[in-house]
Structure formats: structure tokens, C-alpha cells
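User: Could you walk me through how the helices in this protein are arranged? I would like to understand what faces inward and what faces out.

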Amino acid sequence: MSKFTVEETNLMCIYNTGSRADLLSELSEMQKHLEADETELLDLTKTVMDKLSAMNDIEFESLSAELIPDFEEQEE
């Protein structure tokens, strides 16, 4: 998943519904609710959407396991 930064991956984890098309739709809908001063999130969302649009569904499925958040507590 080197195509995506940590921030991009986190954003995809939040809005991932299981398919590339649905994730693109969710991100597009979220953009409509951003305030004018949320430019950093808008730019991040656009970058993610561009990268998702450039890949196909098979490529997306290969990284979908990495889009499931790991909630297990890390031992220090």
C-alpha cells in the first residue's frame, strides 16, 4: 500500500464501505460538508480520490485488508 500515505490510509479507513466505488462516493459526499477553512482535508480527500480513480477494483481489493483498523492494544 505504498501508494498511499498514512494520512490517506486513515481517511480511507474512516470512509471505507467495502468497495472502491462506494468509497469514492462516500468521500465525494463528505467533501460537500467541509467548511471553507478545511482546505487541508479537502486537498487530502482529492488526492485519495485521484489515486482511487486511477486504480481498478482488483487493485483496490488487494489493499482492502489493510483498510481494516487494528484496534488491538499494542504492548509497549
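Analyst: Happy to, starting with H3, where Thr45, Val48, Met49 and Leu52 are buried. Seen down the axis, the directions to their C-beta atoms fall within an arc of 100°, so these residues line one face of H3. Here buried means under 20% relative accessible area and exposed over 50%, with partly exposed in between (1.4 Å probe, protein chains only). This is a predicted model, in which local features need pLDDT of at least 70, side-chain atom pairs count only at pLDDT 80 or more, and totals for chains, interfaces and linings use all residues. Residues are numbered from 1 along each chain as its sequence is written, and side-chain values use heavy atoms, leaving out hydrogens and water.

User: Which exposed residues does the face of H3 turned away from its buried side carry?

Analyst: Helices here are DSSP runs of H or I with at least four residues, numbered from the N terminus. On H3, the face turned away from the buried side carries the exposed residues Glu40, Asp50 and Ala54.

User: And which residues of H2 are buried?

Analyst: H2 spans residues 20-31. Its buried residues cover an arc of only 125° around the axis, which puts them on the same side of H2. They are Arg20, Leu23, Leu24, Leu27 and Met30.

User: What do the buried residues of H2 pack against?

Analyst: Contact means heavy atoms within 4.5 Å. For H3, the cover over the buried residues includes H1, H2 and H4. For H2, the buried residues pack against H1 (6-15), H3 (39-54) and H4 (57-63).

Terms used: Helix = DSSP H or I, 4+ residues; strand = E, 2+ residues; numbered from the N terminus. Expected span 1.5 Å × (residues − 1).
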